[in-house]
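Please take a moment with the sequence and the model before reading on. We will walk through the fold together, from overall make-up to single residues.

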Amino acid sequence: MKANFLIFAACLSLGAPALADDGHDHGEAAPVANANGPQRLPDGSVFLPKPAQRQLGVRTLPVSLDELPRSFELSGKVVMDPNAGGRVQAMLAGRLEAGPRGLPGIGQTVKKGEVLAHVVASSDVLERANQAAQLAQLRAARQLAEQRVARLRELSDTVPRKDIEAAASEVASLAAQIAALGAGAGAREALVAPVSGVIASASAVAGQVVGAGELIFEVIDPTRLRVEALVYDPQQAADVAGASLAVGGERVPLTFVGSARSLREQALPMLFQGEGEALARLAVGQAVRVFVQSASRVSGIRVPAASLMKNAANQNVVWVKNAPERFEPRVVVFAVLDGASVAVTAGLQAGERVVTQAAGLLNQIR
């Protein structure tokens, strides 16, 4: 009987919870998930409370159905506008000297006609010796001619006037030759800015020796640039109603200047003109994407390009707000418009509210 009681007591002790002494506990139990926090619901939608929406900066916009121009995307690059930019090249071979404000650096603002630097003409020893010898001969000849003119003027009563005038003309001719040869021996060419703008490139160092025709500076107007794009279908070049490019999410309209009549690497170059402060963020030679609008139209809903996301299946989706604190992903089909926005042709209905800001953060909620 006593043995049965001991066995029963042992079983009770095994079933009771084991409690650690003070200072030897292993922490509290795992916290329960907050049902009021941002979370992905079983149907794929996201529950996002209003305070979290304000913290993430979520913004939505009601959309509408419109007739939008069909567009196609081209690869292009930024080029200099020949009417708003220019190159500064040395006409003489010589040594560079700083201008009145010193040698300009890249990004410095200059005005048209401003002297940027000087080129002091250089010549070899033999050429300088020949020039010095010619100057000595001309100076000696001028001195003799001046003495002859002085004698003829003293005898002006007996010497014909035409002889005196001929001698004076010879003196003037010798003086002009001496001045021209002296100027050529110490020629100093001024390099001036061809247009008003900023220095795009500079390769000038004080004392640098440059050759004739060498490029020293490039000056551009950063608010007036051109974009050259290549199109491989000549039919697209004939159907241009407008064009634009995206600069930091901002749409910059372009004016179609024209297309070439000769192929370059099996492609037809097209030239566009752009103006605006946004172009100042681009550099000459930078690769850009040009969005060309054709004359044909497509029925779709315009949404910002930043609203497009990818889901786990690598499908294009946008987030739609269908309740004050609930957002639903929609798989969409779209066509490019202008780089800053796209035309959704399937997957959205007019009047729905599409997330235009913080869509990437919303897409990461799990």
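What follows goes from the whole chain to its sheets, its cores and a few individual residues.

This is a predicted model, in which local features need pLDDT of at least 70 and side-chain atom pairs count only at pLDDT 80 or more, while totals for chains, interfaces and linings use all residues. Residues are numbered from 1 along each chain as its sequence is written, and side-chain values use heavy atoms, with hydrogens and water left out.

Let us begin with the chain as a whole. Its secondary structure comes to 6 helices and 23 strands; these are DSSP runs numbered from the N terminus, helices being H or I of at least four residues and strands E of at least two. Of the 366 residues in the protein chain, 34% are buried. Here buried means under 20% relative accessible area, exposed means over 50%, and partly exposed is in between, with a 1.4 Å probe and protein chains only. The protein chain exposes about 21,800 Å², and carbon and sulfur atoms supply 54% of that area; accessible areas come from the Shrake-Rupley method with a 1.4 Å probe, and for residues only the protein chains shown count as cover. Among contacts with a separation of 6 or more, 73% are between residues 24 or more positions apart, where contact means heavy atoms within 4.5 Å.

Now to the sheets. Strands of a sheet pair through backbone hydrogen bonds, either parallel or antiparallel. Two strands are taken as paired if DSSP finds at least two bridges between them. One open sheet has 4 strands in the order 9-8-6-11, with antiparallel pairing. Strand 9 and strand 11 (209-210) are its edge strands, each pairing on one side only. At one end, strand 8 (residues 115-121) and strand 9 pair in the antiparallel sense over 5 bridges, and Val 115 has Val 192 in strand 9 as its bridge partner. At the other, 2 bridges join strand 6 (residues 94-98) to strand 11, with Arg 95 partnered by Val 209.

Strand 9 (residues 188-192) is worth a closer look, as its side chains alternate. Glu 189 and Leu 191 point to one face and are buried, whereas Arg 188, Ala 190 and Val 192 point to the other and are not.

Next door in the pairing, strand 8 holds Leu 116, which is buried with a relative accessible area of 1%. Leaving aside neighbours within four places in sequence, the residues in contact with Leu 116 include Val 88, Leu 103, Val 110, Leu 191, Ile 199 and Phe 217. Ala 193 is also on that list; Leu 116 and Ala 193 are 77 residues apart in sequence but 6.7 Å apart in space, C-alpha to C-alpha.

Another open sheet of 4 strands has the order 5-12-10-7, again with antiparallel pairing. Its edge strands are strand 5 (85-89) and strand 7 (109-110). Strand 5 is joined to strand 12 (residues 215-220) by 5 bridges, and Gln 89 stands opposite Leu 215 in strand 12.

Where do the nonpolar side chains gather? The largest nonpolar core has 24 residues, of which Leu 74, Leu 245, Phe 272, Leu 282, Val 288, Val 290 and Val 292 touch the most other members. Such a core is a set of buried Ala, Val, Leu, Ile, Met, Phe, Trp, Tyr and Cys residues joined through side-chain atoms within 4.5 Å. The elements that give two or more residues to this core are strand 4 (65-80), strand 13 (224-231), strand 14 (242-247), strand 15, strand 16 and strand 17 (287-304). Strand 13 gives the most, with 4 residues. Apart from this core lies another, of 16 residues, among them Leu 96, Ala 117, Val 195 and Ala 204.

Val 292 shows how the largest core is knitted: beyond neighbours within four places in sequence, its contacts include Phe 72, Leu 74, Val 240, Ala 243 and Phe 272.Phe 272 also belongs to the 1 aromatic pair counted in the model, under a rule in which rings of Phe, Tyr and Trp (its six-membered ring) pair if their centres lie within 6.5 Å, with planes under 30 degrees apart stacked, over 60 edge-to-face and the rest tilted. Phe 256 and Phe 272 form a tilted pair, 5.4 Å centre to centre with 50 degrees between the planes. Phe 256 is in strand 15 (residues 250-259) and Phe 272 in strand 16 (residues 268-275). Phe 272 is buried at 0% relative accessible area, while Phe 256 is partly exposed at 30%.

We finish at Asp 81, in the loop between strand 4 and strand 5, which counts as buried at 1% relative accessibility. A polar contact of 3.3 Å joins its side chain to that of Gln 273.

Methods: Polar contact = N/O pair within 3.5 Å; in protein donor to acceptor, adjacent residues only side chain to side chain.
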